[in-house]
Amino acid sequence: MNKELMEALDILEKEKEISKETLFEAIENSLMTACKNHFGKADNVKVEINRETGDFLVYAEKEVVPEPIDVEDDCLQITLEEAQEISKKAQVGDILHVEIKSKEFGRIATQNAKNVILQKIREEERSVIYNQYYEKEKDVVTGVVQRYVGKNISINLGKVDAMLTESEQVKGEVFRATERIKVYVLEVKNTPKGPRVNVSRTHPELVKRLFESEVTEIKDGTVEIKSIAREAGSRTKIAVWSHNPNVDAVGACVGMNGARVNAIVEELRGEKIDIVNWDENPGNLIQNALSPAKIVAVFADPDEKTAKVVVPDYQLSLAIGKEGQNARLAARLTGYKIDIKSETQAKDAPGFRYEDYVDEYEDDYEDGEYEDGTYEE
């Protein structure tokens, strides 16, 4: 019987990742519960289990009294005559360990003991799963689409189902049952019914984590993602910086023939991704962030976090983007409020002086050096 018990504990430990010690404690508590149900109390009951063999001993600590008439509570006291049948050395006043035969427990007491063990196993299983997924909070995991629950989507992550709510879904994305998708773990809550996991497909960190998993240089810290701005389902801009002058940050993220960024774009169902170089100089950073538009000049005010940008007339619509998206994402990426004007608008502005904004790059723009080189798929 003990061999079967130890084998069962080994299986539970492997399958449910519940430690044997926890299971032994559950058995001890169940035996205590059975004693309480059987005798009405268990304050003086002790349970000892050998962790190596599975042998267990249940006993009550009873005080030895002289005669039956002195016994006020037979759960707590034992007569000298009965005590000496257990131990010939027993004396009045001694505390004697009296073994309790678990086979004597009634059906109800046994059932309650069983329930205590099962309840503990369920609690520990939930706790183990919670801890596993809590460690994955703020990270990307792969899940299998189960079904639509109203407008929400149930996604199986292995040992637990996560909920992708309507607000965290990318507009226009439709999934089929059994389809595998990557999601960003927003939050893991421990509830009485088990861990509750909320995930997202719209969070900017999803893109960041995908780049971390796809680009070796980001994973090892050579390249750092300094900032990210995203409009889920449409476009994302990320600014990257290399800690090694010999490593091209943008090139590392793009990969050979765009392989790395293409893999991420495919996972995001065709979402456009602009990768630009981070620069400590706000003017250069804003110029990079407005890519693919060509910039004539940037006036940045670091104190006010505002910037005025001048672009060629024919580049104005590109700089602003469809419905203002390019300018909006650039503003989020840099943290600056950006005011974009064409050369004609700037020249017509009060107090404008041409030499204030024409910089050394103007000839390069005219020569076509800054042709549309945005890393966009």
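The legends below describe close-up views of a predicted model.

**View 1. The whole chain of the predicted model, as a setting for the close-ups.** The protein holds 13 helices and 15 strands, and of its 377 residues 40% are buried. Among the contacts in the protein with a separation of 6 or more, 58% are accounted for by residues 24 or more positions apart.

**View 2. The barrel formed by β5, β6, β7, β9 and β8.** In this sheet 5 strands close into a barrel, in the order β5-β6-β7-β9-β8 and with mixed pairing. On average, and with direction ignored, neighbouring strands of this sheet are turned by 50° against each other. Strand β8 (180-191) pairs with strand β9 (residues 194-200) in the antiparallel sense, over 7 bridges, and within this part of the sheet Val188 stands opposite Val197 in β9. Helix α5 (residues 204-214) lies across β5 (140-149), β8 and β9, and its course makes about 120° with that of β8.

**View 3. Glu179 in the loop between β7 and β8.** The loop that carries Glu179 joins β7 (161-164) to β8 (180-191). Because its relative accessibility is 14%, which is under the 20% limit, Glu179 counts as buried. A polar atom of the Glu179 side chain lies 2.8 Å from the backbone nitrogen of Arg176. Once its neighbours within four places in sequence are left aside, Glu179 is in contact with Gly143, Val144, Val145, Val174 and Arg269.

**View 4. The packing of helix α5 against helix α8.** Helix α5 (residues 204-214) and helix α8 (residues 259-267) pack at an angle of about 140°, and their axes are 10 Å apart. Since angles count as roughly antiparallel when they are over 145 degrees, α5 and α8 are therefore classed as oblique to each other. The crossing of the two helices, α5 and α8, is right-handed. On the α5 side the residues that meet α8 are Leu210, Phe211 and Glu214, and on the α8 side they are Arg260, Val261, Ala263, Ile264 and Glu267.

**View 5. The open sheet of β13, β14 and β15, with helix α9 packed on the sheet.** The 3 strands of this open sheet follow the order β13-β14-β15, and their pairing is mixed. Strands β13 (297-301) and β15 (337-342) are the edge strands, each of which pairs on one side only. From one strand to the next, the twist averages 15°. Strand β13 and strand β14 (residues 306-311) pair in the antiparallel sense over 5 bridges, and the bridge partner of Ala297 in β14 is Val310. Helix α9 (residues 282-289) packs on the sheet and touches β13, β14 and β15, with a direction that makes about 125° with that of β13.

**View 6. Helix α11 and the elements that cover its buried residues.** Helix α11 (residues 325-334) is largely enclosed by the rest of the structure, because 7 of its 10 residues are buried. These buried residues of α11 are Gln325, Asn326, Ala327, Leu329, Ala330, Leu333 and Thr334. The elements that cover them include the strands β10 (223-231), β11 (235-242), β12 (272-277) and β15, together with the helices α9 and α10 (316-320). After α11 comes Gly335, which has a positive phi, near 80°.

Technical notes
Residues numbered from 1 in each chain as written. Predicted model: local features only at pLDDT ≥ 70, side-chain atom pairs only at ≥ 80, totals over all residues. Heavy atoms only, no water. Helix = DSSP H or I, 4+ residues; strand = E, 2+ residues; numbered from the N terminus. Buried < 20%, exposed > 50% of the residue type's maximum accessible area, 1.4 Å probe, protein only. Polar contact = N/O pair within 3.5 Å; in protein donor to acceptor, adjacent residues only side chain to side chain. Contact = heavy atoms within 4.5 Å. Pairing = 2+ DSSP bridges. Axes fitted to C-alpha atoms, helices over the stretch in contact; angles between N-to-C directions. Parallel < 35°, antiparallel > 145°, perpendicular 65-115°, else oblique. Left-handed = near helix turned anticlockwise from the far one by under 90°.
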